[in-house]
Amino acid sequence: MLIFSKKAALQAHLDTYIKAGKGIGFVPTMGALHSGHLSLMQQSLEQNGVTVVSIFVNPTQFNNPDDLKKYPRTLEADAEKISGLNKDIIIFAPEVDEMYDGNTVSSHYDFDGLENQMEGAHRPGHFDGVGTIVKKLFEIVRPTNAYFGEKDFQQLQIVKKLVEKNHMGINVVGCPITREDNGLAMSSRNARLSDAERNEAALIYKILQGARKRFDFESIAEVKSFVESAFEAHPAFKPEYFEIAAEDTLEPATLKENRKYRAFIAIFLGNVRLIDNISLN
Ligand code: AMP
């Protein structure tokens with residue numbers, strides 16, 4: 001299987017597909033791959049002539065240096081997982097300097113306010129980092145379709161906005177959240193939970209499901225207070241935010257209107273920060 005670490009070599013290789021009119025499917029990741037990542041790749045394989053997976057821990061999207069330092073880096077195991085799925089997938093795994101030319105900073109982006117909500121409010125600079133790396137990667141890979149998980153729903157909406165505002169002509173495909181058997185959303189950061197914590201973390205999805213049930217017949221304020229009290233009864237969890245927001249603007253909702261809503265949570269279990277979300281209607 002092909003693994004590129006230099007953008008020029010990858011671009012030259014992909015030129016042949018582009019000239020032949022073969023659509024490129026692209027799955028950007030930060031590695032430490034799990035079944036959630038593989039489900040994005042599977043969808044890309046089904047819908048494109050060739051699939052490219054990038055593995056790059058992007059320093060500019062980490063607002064917490066300790067999180068960046070501790071982020072798992074497992075390139076060899078990742079390549080094995082990818083080749084187990086399909087040996088024709090092309091991997092792009094550059095070093096930081098290859099992507100940033102010795103100047104590891106992000107550009108500033110206006111995503112029409114999407115960047116100010118939830119993750120944007122709690123992780124300063126995060127979405128500037130995401131916008132910077134995704135734009136760089138899109139310019140190198142030139143995909144027809146790019147696959148992003150609903151696990152990071154705000155990121156998915158922001159990438160759609162990035163493509164729209166820069167007229168990039170890429171179809172951004174949102175893919176459903178893959179969960180452990182106990183409901184915990186799969187995440188590379190779950191590797192930092194103990195076995196006991198992984199079991200406990202099942203509570204997050206249980207409570208989100210409870211919120212969804214209540215959303216049909218309770219007010220938004222009532223649903224929020226249900227979630228807050230549910231976690232108060234479990235002091236191992238330290239919620240950072242719980243929001244109910246319209247899917248398109250991501251602005252916090254107070255009254256239900258005729259539009260699509262989602263509940264979003266960021267919560268600490270021990271020193272591991274977990275995020276999850278659920279569609280409410
Ligand atoms: P990451 O490596 O965490 O940057 O994730 C790479 C891509 O995989 C992003 O589009 C994520 O939203 C997606 N992803 C991560 N975890 C999951 C999951 N449990 N289910 C579906 N997609 C996921």
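A crossing of two helices is called right-handed if the near helix is turned clockwise from the far one by less than a right angle, and left-handed if that turn is anticlockwise. In this predicted model, helix α7 passes helix α8 in just such a right-handed crossing.

Two packed helices are described by the angle between their axes and the distance between the axes. For α7, which spans residues 126-141, and α8, which spans residues 153-165, the angle is about 55° and the axes are 10 Å apart. Angles from 65 to 115 degrees count as roughly perpendicular and those under 35 degrees as roughly parallel; α7 and α8 are therefore oblique to each other.

A second pair of helices can be read in the same way. Helix α10 (residues 202-215) packs against helix α11 (residues 220-232) at an angle of about 155°, with 9 Å between their axes. Since angles over 145 degrees count as roughly antiparallel, this makes α10 roughly antiparallel to α11. The crossing of α10 and α11 is right-handed.

Attention now turns to the ligand. The model places 17 residues around the ligand, and the closest are Met30, Gly149, Asp152, Thr178 and Met186. Three of these names return when polar atoms are considered. In the side chain of Asp152, an N or O atom is 2.6 Å from an oxygen atom of the ligand. Thr178 takes part through its backbone, where an N or O atom lies 2.8 Å from a ligand nitrogen. Met186 likewise has a backbone N or O atom 2.8 Å from a nitrogen atom of the ligand. Of the 480 Å² that the ligand exposes when taken alone, the protein buries 93%.

Which elements give two or more residues to the shell around the ligand? They are strand β2 (24-29), helix α2 (35-47) and strand β5 (145-149). With 3 residues, α2 provides the largest share of the shell. Sorted by class, the shell holds 8 nonpolar and 7 polar residues, together with 2 charged ones.

A final point of interest is Arg179, found in the loop between β6 (171-175) and α9 (195-200). The side chain of Arg179 reaches the backbone oxygen of Gly183 at 2.9 Å. The side chain of Arg179 is also joined to that of Asp276, by a polar contact of 2.9 Å. Arg179 thus offers a handy place to follow side-chain contacts from a loop residue to Gly183 and to Asp276.

Definitions and conventions. Residues numbered from 1 in each chain as written. Predicted model: local features only at pLDDT ≥ 70, side-chain atom pairs only at ≥ 80, totals over all residues. Heavy atoms only, no water. Near = heavy atom within 4 Å. Polar contact = N/O pair within 3.5 Å; in protein donor to acceptor, adjacent residues only side chain to side chain. Areas by Shrake-Rupley, 256 points an atom, 1.4 Å probe, with all protein chains shown as cover. Helix = DSSP H or I, 4+ residues; strand = E, 2+ residues; numbered from the N terminus. Nonpolar A, V, L, I, M, F, W, Y, C, P; charged D, E, K, R; others polar. Axes fitted to C-alpha atoms, helices over the stretch in contact; angles between N-to-C directions.
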